[in-house]
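Could you walk me through this structure in my viewer? I would like to know what to select at each stop and what I will find there.

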Amino acid sequence: MCGIAGIIYREGTHEVGRDMTRMLQSMKHRGPDSTGYALYRPYDHHLVMRYKLADANTPRDFEFADRLARHQGQVLQRLRSMDARIHEVDEETEYAYRAAFELPNGNLKELADRIEDIPDCEVLSLGHSLEIVKDLGDAEEVAGQYDLRGFTGTHAIGHVRMATESDVDISGAHPYWAYPFTDVAVVHNGQLTNYFQWKRRLERSGHRFQSECDSEIIAVYLAEKMSEGATLEDAMKDSLEELDGVFTYIAVTAEALGVCKDEMAAKPLVLYESDGVVALASEEIAIRAVIDREIDTYDPYEGEVLVWQR
Amino acid sequence: MAAVGERRVSYDARGLAEPHAEAPRVAEVEDGRAVFDARDLTTRQINLELRRLLYEEDVADVTVQNPGSKHSLGVGILTRCRITFEGSLGYFGCGLVDGPEVHVKGRVGWSACENMMSGVVVVDGNAGSLTGAALRGGDVVVKGRVGARSGIDQKGGTIISLGDAGSMTGFMMQRGRQILCGDVGPGLGDSMYDGTIYVAGKVKSLGIDCVPGEWTDADTELIERKFRIYGLGEPPAFQKFVCGKKLYNYDNLEPSERKLVL
């Protein structure tokens, strides 16, 4: 089933962490397995990297803590070896970290590849605005664990997951970062049927996939199109033709938020637009969790692509 | 510790079902009319309060304030009454009802009026997909637009939409009527068995075995009557679509049956 949500303010910064937590918590019944956030701050010259060194349900063996400490040391060492000027490193949970740094002369793909070369390490997001946080449990739990309620920013998307196509773990949780492109993230509700075809195609052009989850290809697919010069809207329109299956997905960049609904209109989406904010979710109850009054909403039709720019 | 026989079993893995909920008794009743505020009530409490008023207190007119887009409200009401929701409903609103006249002063989500037997549901706003799925009787009037697959598996009754309609409208419809005043998406009336779909706007594409039908006086009479009843003004000009019956193979025997006959 899964539930997706997105919110974008047209002006200024707002408490998007709190908003998204409310939206996702009200849709808990659509997916109790894991909850994920992609939150956007205004552009900052620091790069923020969110990464994990183990999964939430990795068996805690004898050497677990030692291994984590060793791997964390390697992450910092590799960052320094690429001339990154580390600003701050936070341990968010036992296994998830957030590092802010400047990277004057380095390419992001190389950085991500070097970091992910460390055993069990996965880069969840990398960007000047984007921060992806995902973990097992409902929105209240994840927001509490990662202290997201105070997060102020410009826009955000989120996902509550009912696992169908792959395991219940952080790697299989949404949103997906579009490795190796900064600041692109996707949440998806549905199933893709030409997943392996696209996965092989994208792997041949040098991309890596961290999970077995079909939704991961949407992010990389869009990012590759955009790196070839397409706008987000054009890339999403192409996906209507080139991705098979049923899907409603929300894609975000640092400046835009877009939604795409497949030709069958098989997965739900409710949309609310006002002068100040655009909010969308699988169920209206999620929108009402942040806009607590009677509002006019509608469901986009099949094959629609809508993009809002900031 | 309770003996095995006494232990109350409740399945509430996700904290959503409330097996022990009771009607909250918050409604104000006056002259056979009741009003209550649903803002702080759960889905089950709202439905239990509705039932208490309609079945136990013999109230025939209930107004629910602040339904707040909650799912599954007003479901399974099997008596003649009047229910007003002063706001929007979530998914599965007014499903499985038999008899009530419902007025939703907002929108409804997916699968509104699913399997309705009789009665009237008037929605002031838009409706989601699967509106009137497996509808058996009664009228569903949506003053905004409807989503995809409205009247899927419809077996009777009438669905009226003043706005546009999505794809696969009237998919596998078996009886009943749809009166659609706006444009309609692709696959209209796909694989329909019977029934009639009237469309005033543009049709993006017809589904398999859905064909234009011949207009009769009965069609004019029906549409004028429905517009008059619901105060929808002067009806626009409609096209009529019916089943082409090219997929009818009821006379052909199944291979196993053929053996029996021989």
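## A first look at chain B

Start by selecting chain B: of its 262 residues, 45% are buried. Keep in mind throughout that this is a predicted model. Colour chain B by secondary structure and you will find three helices and 12 strands. Turn the view along the principal axes, and the C-alpha atoms of chain B fill a box of roughly 65 × 55 × 30 Å. Among the contacts in chain B with a separation of 6 or more, 23% are between residues 24 or more positions apart.

## Helix α1 of chain B

Now select residues 43–56 of chain B, which form helix α1. How far apart should the ends of these 14 residues be? At 1.5 Å a residue the helix should span 20 Å, and its end C-alpha atoms are 19 Å apart, so the two values agree.

Next, show the side chains of T43(B), I46(B), N47(B), E49(B), L50(B), L53(B) and L54(B), the buried residues of α1(B). Look down the axis of α1(B): these buried residues fall within an arc of 160 degrees, so they line one face of the helix. To see what they pack against, add β2 (33–37) and β3 (61–65) of chain B. Before you leave, click on D58(B), which follows α1(B) and has a positive phi, near 55 degrees.

## Two domains in chain A

Move to chain A and give two colours to its domains: domain 1 (3–44 + 128–304) and domain 2 (45–127). Their centres, taken over C-alpha atoms, are separated by 23 Å. Where they touch, 22 residues come from domain 1 of chain A and 19 residues from domain 2 of chain A. On the domain 1 side of this contact, select β7 (130–136) and α4 (139–146) of chain A, the elements that give two or more residues to it. The largest share of that side, seven residues, comes from β7(A).

## A covered strand

Select residues 3–9 of chain A, strand β1, where six of the seven residues are buried. Which strands pair with β1(A)? One is β8 (residues 155–161) of chain A, joined to β1(A) by six bridges in an antiparallel arrangement. Another is β14 (residues 277–281) of chain A, also antiparallel to β1(A), over five bridges. Click on A5(A) to see both pairings: its bridge partner in β8(A) is G158(A), while in β14(A) it stands opposite A281(A).

## Into the cores

The largest nonpolar core has 87 residues, and A178(A), A185(A), A219(A) and L222(A) have the most contacts inside it. Select helix α6 (residues 216–227) of chain A, which gives the most to this core, with seven residues. Your domain colours are useful here, as the core draws at least three residues from each of domain 1 and domain 2 of chain A.

Zoom in on L222(A): leaving out residues up to four places away in sequence, it touches A178(A), V184(A), V186(A), A235(A), M236(A), S239(A) and A251(A). Another core, of 65 residues, lies apart from the one you are viewing; Y301(A), L53(B), A134(B) and M173(B) are among its members.

## Last stop: a loop

Finish at E94(A), in the loop between β4 (85–91) and β5 (96–102) of chain A. Is E94(A) buried or partly exposed? It has 14 C-beta neighbours inside 10 Å, so it counts as partly exposed. For a sense of distance, draw a line from E94(A) to M236(A): they are 142 residues apart in sequence and 37 Å apart in space, C-alpha to C-alpha.

How values were computed: Residues numbered from 1 in each chain as written. Chains lettered and ligands numbered in written order. Predicted model: local features only at pLDDT ≥ 70, side-chain atom pairs only at ≥ 80, totals over all residues. Helix = DSSP H or I, 4+ residues; strand = E, 2+ residues; numbered from the N terminus. Expected span 1.5 Å × (residues − 1). Buried ≥ 20, exposed ≤ 12 C-beta atoms within 10 Å, placed from the backbone. Arc of directions from axis to C-beta. Contact = placed C-beta atoms within 7 Å. Core = buried A, V, L, I, M, F, W, Y, C linked by C-beta atoms within 7 Å. Domains from an automatic or database assignment. Pairing = 2+ DSSP bridges.
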